[in-house]
Amino acid sequence: GINAEYGTHCLNKMIPLDLPGYAVGGLSGGESKDLFWRVVDHCTNFLPSNKPRYLMGVGYAVDMVVCVALGIDMFDCVYPSRTARFGTALTHQGNLNLRSAEFARDMRPLDEECGCSVCSNYTRAYFHPIAGKEGVSGQLLTYHNIAYQMRLMKEMREAMLKGGDSFPDYVRSFMQKRFPAGDVPQWVIDALRAAGIELSKAQ
């Protein structure tokens, strides 16, 4: 939860049990993003770095990148399937609302950087008339959205394994794609700074 005192008490009781891994929960329930990242940071600063650290119910791409920088290893969330049912595709550049008229004649794949079977076989124009209406749309978009999130996690893991500045550079590149106008939310800047990654508003 969001109470730091209770969280610390829980951590002090759980860590000596030497469990195979640890879950962080009680977030993504309407709290402010500023409070959200501070709770995650508080937990990861306590939890052993040699055990998997799992953050429950978090699925927004920006949140995932920030939380990985803070020390989270894995996530689960209904977001990729729930947003698919409403006709939304996830990409590095942001979310695509495929019901929008701008996609009616767009023959590009959902995400030109994605190699999933959906992006290889279907166009944005295909989804436009069925997005949010037909079950097949929700199924295909769920497949793509989960593939996107898996790719996102894989890219971050590979950047970390390269060492040096590879992961900070990856995070900066991701945020630049997501916020091309430089309007990075202050909570993201503050959270990444706490993780040792400087990200200015002008990024």
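**Note on the predicted model**

1. Setting aside residues within four places in sequence, G21 makes contact with K51 and P52. This glycine sits in the loop that links α1 and β1, and with a relative accessible area of 28% G21 is partly exposed. From G21 to C116 there are 95 residues along the sequence, and the two C-alpha atoms are 30 Å apart in space. The coordinates discussed here and below belong to a predicted model.

2. The loop between α1 (4-14) and β1 also holds D18, a residue other than glycine whose phi is nevertheless positive, near 55°. The relative accessibility of D18 is 56%, so this residue counts as exposed. A reader checking backbone geometry may also look at G71, which follows α3 and has a positive phi near 120°.

3. Turning to the overall fold, the chain contains nine helices and five strands, and their order along the sequence is α-β-α-β-α-β-α-β-β-α-α-α-α-α. The radius of gyration is 18 Å, close to the 17 Å that the globule rule gives for 203 residues, and the chain is therefore as compact as a globular protein of that length. Along the principal axes, the C-alpha atoms fill a box of roughly 55 × 35 × 30 Å.

4. Of the 203 residues in the chain, 45% are buried, while the accessible surface amounts to about 10,500 Å², with 54% of that area belonging to carbon and sulfur atoms. When contacts between residues at least 6 apart in sequence are considered, 58% of them join residues at least 24 apart. As for charge, there are 21 positive and 21 negative side chains, and the centres of these two sets lie 4 Å apart.

5. In soluble globular proteins, nonpolar side chains tend to be buried together. In this model the largest nonpolar core has 44 residues, among which L55 and M175 touch the most other members. At least two residues of this core come from each of β1 (22-24), α2 (33-46), α3 (61-70), α7 (135-162), α8 (166-178) and α9 (186-194), and the largest share, nine residues, is supplied by α3. A second core, separate from this one, has 14 residues and includes L98, C119, A131 and L140.

6. Which residues does L55 touch, not counting those up to four places away in sequence? The list consists of V24, L27, F36, V40, C67, I72, M74, F75 and D76. One of these partners, C67, is itself among the buried residues of α3.

7. The helix α3 deserves a point of its own. Ten of its ten residues are buried, so α3 is largely enclosed by the rest of the structure. The buried residues are A61, V62, D63, M64, V65, V66, C67, V68, A69 and L70, a list that contains the acidic residue D63. The cover over these buried residues includes α2, β2 (53-56), β3 (74-76), α7, α8 and α9.

8. S81 belongs to helix α4 (residues 79-85) and is partly exposed, its relative accessible area being 24%. S81 and A69 are separated by twelve residues in sequence and by 25 Å in space, C-alpha to C-alpha, and A69 is one of the buried residues of α3.

9. P109 lies in the loop between β5 (94-97) and α5 (117-121), where a relative accessible area of 22% makes P109 partly exposed. Neighbours within four places in sequence aside, P109 is in contact with C119, Y122, T123 and R124, and C119 is also a member of the second core. By comparison with these contacts, D41 is 68 residues from P109 in sequence and 37 Å from it in space, C-alpha to C-alpha.

10. The last point concerns D190, which is located in helix α9. Where along the chain are the contacts of D190, once neighbours within four places in sequence are left aside? They are D34 and W37. D190 and D34 are 156 residues apart along the chain, yet their C-alpha atoms are separated by 8.4 Å.

Conventions. Residues are numbered from 1 along each chain as its sequence is written. This is a predicted model: local features need pLDDT of at least 70, side-chain atom pairs count only at pLDDT 80 or more; totals for chains, interfaces and linings use all residues. Side-chain values use heavy atoms; hydrogens and water are left out. A nonpolar core is a set of buried Ala, Val, Leu, Ile, Met, Phe, Trp, Tyr and Cys residues joined through side-chain atoms within 4.5 Å. Buried means under 20% relative accessible area, exposed over 50%, partly exposed in between (1.4 Å probe, protein chains only). Helices (H or I, at least four residues) and strands (E, at least two) are DSSP runs, numbered from the N terminus. Contact means heavy atoms within 4.5 Å. The radius of gyration is taken over C-alpha atoms; the globule rule is 2.2 Å times the number of residues to the power 0.38. Accessible areas come from the Shrake-Rupley method with a 1.4 Å probe; for residues, only the protein chains shown count as cover. Lys and Arg count as positive and Asp and Glu as negative; His and the chain ends are not counted. The place of a charge is taken as NZ of Lys, CZ of Arg, CG of Asp or CD of Glu.
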